[in-house]
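Hi,

Here is the structure I said I would pass on. Have a look at it first, and then read my notes underneath.

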Amino acid sequence: MSGPVGGVVGAVTAGRSRAAERLRVAGPPVAAAAVALALLSGWTAVGGAGTARPVEVGPGWLLLPTAGGVPATAAFFTVRNPGDIPDELTGADWEFGGRVTLKRHLHQGAAGRWEPVEALPVPERGELAMSPEDADLMIINPPPLKVGQWVEFTLSFRNSPQLRVKAEVLPPGGRRGSR
(Lines give C-alpha, C1' and ligand atoms only; values in the text may rest on other atoms or scores of the structure.)
Protein backbone atom coordinates (compact mmCIF):
# COMPACT_ATOMS: atom_id res chain seq x y z
CA MET A 1 0.00 0.00 0.00
CA SER A 2 1.19 3.38 -0.90
CA GLY A 3 -0.11 6.88 -0.73
CA PRO A 4 -2.15 8.51 2.00
CA VAL A 5 -3.91 5.30 3.05
CA GLY A 6 -0.64 3.41 3.40
CA GLY A 7 0.82 6.22 5.52
CA VAL A 8 -2.17 6.17 7.89
CA VAL A 9 -2.03 2.38 8.23
CA GLY A 10 1.71 2.55 8.89
CA ALA A 11 1.22 5.23 11.54
CA VAL A 12 -1.55 3.20 13.23
CA THR A 13 0.61 0.09 13.18
CA ALA A 14 3.57 2.01 14.63
CA GLY A 15 1.29 3.50 17.32
CA ARG A 16 0.00 0.04 18.25
CA SER A 17 3.56 -1.23 18.40
CA ARG A 18 4.57 1.59 20.81
CA ALA A 19 1.45 0.96 22.97
CA ALA A 20 2.24 -2.77 23.08
CA GLU A 21 5.83 -1.99 24.10
CA ARG A 22 4.63 0.34 26.92
CA LEU A 23 2.19 -2.31 28.12
CA ARG A 24 4.93 -4.93 28.05
CA VAL A 25 7.22 -2.71 30.16
CA ALA A 26 4.65 -1.19 32.54
CA GLY A 27 2.26 -4.14 32.78
CA PRO A 28 4.08 -6.34 35.33
CA PRO A 29 4.69 -3.56 37.93
CA VAL A 30 1.09 -2.32 37.59
CA ALA A 31 -0.24 -5.88 37.92
CA ALA A 32 1.96 -6.51 40.99
CA ALA A 33 0.71 -3.31 42.63
CA ALA A 34 -2.90 -4.31 41.90
CA VAL A 35 -2.37 -7.77 43.43
CA ALA A 36 -0.69 -6.27 46.52
CA LEU A 37 -3.54 -3.80 46.96
CA ALA A 38 -6.10 -6.60 46.65
CA LEU A 39 -4.26 -8.75 49.21
CA LEU A 40 -3.87 -5.88 51.69
CA SER A 41 -7.54 -4.95 51.27
CA GLY A 42 -8.53 -8.55 51.93
CA TRP A 43 -6.24 -8.77 54.98
CA THR A 44 -7.81 -5.62 56.42
CA ALA A 45 -11.34 -6.80 55.60
CA VAL A 46 -10.87 -10.03 57.58
CA GLY A 47 -9.40 -8.17 60.55
CA GLY A 48 -5.70 -8.78 59.98
CA ALA A 49 -4.63 -5.14 60.17
CA GLY A 50 -4.65 -3.34 63.49
CA THR A 51 -5.79 -6.33 65.53
CA ALA A 52 -4.40 -7.52 68.81
CA ARG A 53 -1.94 -10.37 68.88
CA PRO A 54 -2.33 -12.55 71.96
CA VAL A 55 -0.11 -11.70 74.90
CA GLU A 56 2.58 -14.12 76.04
CA VAL A 57 3.40 -15.07 79.63
CA GLY A 58 6.22 -17.26 80.84
CA PRO A 59 6.57 -18.93 84.23
CA GLY A 60 6.26 -16.62 87.20
CA TRP A 61 7.05 -16.76 90.87
CA LEU A 62 5.06 -16.70 94.08
CA LEU A 63 6.40 -15.35 97.35
CA LEU A 64 6.33 -17.86 100.22
CA PRO A 65 4.38 -16.26 103.08
CA THR A 66 6.48 -15.75 106.19
CA ALA A 67 5.48 -17.58 109.37
CA GLY A 68 3.64 -15.29 111.76
CA GLY A 69 3.36 -12.57 109.12
CA VAL A 70 0.36 -11.18 107.31
CA PRO A 71 -1.76 -14.04 105.92
CA ALA A 72 -1.20 -12.98 102.31
CA THR A 73 1.26 -13.46 99.49
CA ALA A 74 1.87 -12.15 96.00
CA ALA A 75 2.50 -13.68 92.57
CA PHE A 76 4.53 -12.08 89.81
CA PHE A 77 4.58 -12.62 86.04
CA THR A 78 6.02 -10.85 83.02
CA VAL A 79 3.34 -10.35 80.37
CA ARG A 80 4.63 -9.52 76.87
CA ASN A 81 2.48 -7.93 74.17
CA PRO A 82 3.89 -8.52 70.66
CA GLY A 83 0.91 -6.76 69.03
CA ASP A 84 0.18 -3.22 67.92
CA ILE A 85 -2.81 -2.77 70.24
CA PRO A 86 -2.53 -2.28 74.02
CA ASP A 87 -4.02 -4.96 76.23
CA GLU A 88 -4.85 -5.22 79.92
CA LEU A 89 -4.64 -7.92 82.55
CA THR A 90 -8.18 -7.82 83.96
CA GLY A 91 -8.21 -10.69 86.43
CA ALA A 92 -6.62 -13.84 87.78
CA ASP A 93 -7.61 -17.09 89.45
CA TRP A 94 -5.43 -19.77 90.95
CA GLU A 95 -5.71 -23.48 91.54
CA PHE A 96 -6.66 -23.08 95.21
CA GLY A 97 -9.62 -20.79 94.58
CA GLY A 98 -10.08 -17.80 96.83
CA ARG A 99 -9.60 -14.21 95.92
CA VAL A 100 -6.76 -12.95 93.71
CA THR A 101 -6.54 -9.15 93.57
CA LEU A 102 -4.71 -7.09 90.95
CA LYS A 103 -2.62 -4.59 92.86
CA ARG A 104 -0.43 -1.59 92.06
CA HIS A 105 2.09 0.05 94.38
CA LEU A 106 1.92 3.83 94.60
CA HIS A 107 5.15 5.49 95.68
CA GLN A 108 4.95 8.69 97.69
CA GLY A 109 8.46 9.92 98.34
CA ALA A 110 10.26 7.41 100.57
CA ALA A 111 6.97 5.80 101.55
CA GLY A 112 4.26 4.20 99.54
CA ARG A 113 1.07 2.24 99.63
CA TRP A 114 -0.73 -0.23 97.45
CA GLU A 115 -4.20 -0.21 96.06
CA PRO A 116 -6.34 -2.70 94.19
CA VAL A 117 -6.90 -1.92 90.50
CA GLU A 118 -9.43 -3.10 87.93
CA ALA A 119 -6.74 -3.79 85.33
CA LEU A 120 -2.99 -3.65 84.76
CA PRO A 121 -1.94 -2.23 81.37
CA VAL A 122 0.17 -4.20 78.91
CA PRO A 123 1.41 -1.66 76.32
CA GLU A 124 1.59 -2.44 72.61
CA ARG A 125 4.94 -4.00 71.72
CA GLY A 126 5.84 -3.81 75.40
CA GLU A 127 5.45 -5.66 78.65
CA LEU A 128 3.98 -5.63 82.12
CA ALA A 129 6.82 -6.77 84.39
CA MET A 130 5.29 -7.41 87.80
CA SER A 131 7.57 -6.90 90.80
CA PRO A 132 7.33 -6.26 94.55
CA GLU A 133 7.98 -2.57 93.79
CA ASP A 134 5.30 -2.10 91.12
CA ALA A 135 2.40 -4.48 90.45
CA ASP A 136 1.43 -7.99 91.48
CA LEU A 137 -1.35 -10.46 92.12
CA MET A 138 -2.24 -10.37 95.83
CA ILE A 139 -3.59 -13.54 97.44
CA ILE A 140 -5.25 -13.40 100.86
CA ASN A 141 -5.12 -16.45 103.16
CA PRO A 142 -3.19 -18.82 100.91
CA PRO A 143 -2.97 -22.49 101.90
CA PRO A 144 0.36 -23.81 103.17
CA LEU A 145 2.93 -23.60 100.39
CA LYS A 146 6.42 -25.11 100.05
CA VAL A 147 9.53 -23.66 98.43
CA GLY A 148 9.94 -25.14 94.96
CA GLN A 149 6.24 -25.94 94.60
CA TRP A 150 4.62 -24.93 91.28
CA VAL A 151 1.19 -23.32 91.43
CA GLU A 152 -1.16 -22.83 88.45
CA PHE A 153 -2.85 -19.53 87.63
CA THR A 154 -5.36 -18.50 84.97
CA LEU A 155 -4.83 -14.92 83.75
CA SER A 156 -7.64 -13.00 82.00
CA PHE A 157 -7.11 -10.17 79.52
CA ARG A 158 -9.23 -7.55 77.80
CA ASN A 159 -8.14 -8.45 74.22
CA SER A 160 -6.31 -11.77 74.53
CA PRO A 161 -7.58 -15.22 75.46
CA GLN A 162 -7.13 -16.51 79.00
CA LEU A 163 -3.75 -18.07 79.72
CA ARG A 164 -2.90 -20.86 82.14
CA VAL A 165 0.54 -20.30 83.61
CA LYS A 166 2.58 -21.57 86.54
CA ALA A 167 4.51 -19.82 89.27
CA GLU A 168 7.24 -21.30 91.44
CA VAL A 169 7.05 -20.70 95.19
CA LEU A 170 10.21 -18.89 96.34
CA PRO A 171 11.30 -17.77 99.81
CA PRO A 172 11.60 -14.05 100.60
CA GLY A 173 14.79 -12.82 98.93
CA GLY A 174 14.91 -15.98 96.83
CA ARG A 175 14.21 -14.34 93.49
CA ARG A 176 17.25 -15.18 91.36
CA GLY A 177 17.75 -13.41 88.04
CA SER A 178 14.99 -13.58 85.43
CA ARG A 179 12.71 -16.60 85.36
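Below is what came out of it, starting with the pocket, then the strands around it, and ending with one serine.

Before anything else, keep in mind that this is a predicted model.

**The pocket**

The largest pocket comes out at a volume of about 260 Å³. It is lined by 15 residues, and those closest to the centre are L63, A72, T73, A74 and K103. If you sort the lining by class, you get 10 nonpolar residues, three polar ones and two charged ones.

Which elements give two or more residues to that lining? They are β3 (72–76), β6 (100–108) and β10 (135–140). The largest share belongs to β3, with four residues.

**How those strands are put together**

Let's take β3 to begin with. This strand is mostly covered, with four of its five residues buried. On one hand β3 is joined to strand β2 (residues 60–63) by two bridges, and the pair runs antiparallel; here L62 sits opposite A75 of β3. On the other hand β3 is joined to β10, again antiparallel, through four bridges. A75 turns up here too, since its bridge partner in β10 is L137. If you want a residue to click on to get your bearings, A75 will show you both L62 and L137.

β10 also pairs with β6, in the antiparallel sense and over five bridges. Look for T101, which stands opposite M138 in β10. So much for the three strands named under the pocket.

β6 has a further partner in strand β7 (residues 111–116): six bridges join the two, and they run antiparallel. One facing pair there is H107 and G112, the latter in β7. β6 and β7 make a hairpin with two residues between them, and G109 in the turn has a positive phi of about 65°.

**One serine to look at**

Now for S156, which you will find in strand β11 (residues 150–157). Is S156 buried or exposed? With a relative accessible area of 16%, S156 counts as buried, because the cut-off for that is under 20%.

What does S156 touch, leaving aside residues up to four places away in sequence? The list is E88, L89, T90, G91 and Q162. With Q162 there is also a polar contact between the two side chains, at 3.0 Å.

That's what I have for now. Shout if anything is unclear.

Cheers

How values were computed. Residues numbered from 1 in each chain as written. Predicted model: local features only at pLDDT ≥ 70, side-chain atom pairs only at ≥ 80, totals over all residues. Heavy atoms only, no water. 1 Å grid on protein atoms, 1.4 Å probe; cavity = no way out; pocket = protein on both sides within 12 Å on 5 of 7 lines; lining within 4 Å. Points joined across faces, edges and corners; volume = space filled by probe spheres on them. Nonpolar A, V, L, I, M, F, W, Y, C, P; charged D, E, K, R; others polar. Buried < 20%, exposed > 50% of the residue type's maximum accessible area, 1.4 Å probe, protein only. Polar contact = N/O pair within 3.5 Å; in protein donor to acceptor, adjacent residues only side chain to side chain. Contact = heavy atoms within 4.5 Å. Pairing = 2+ DSSP bridges.
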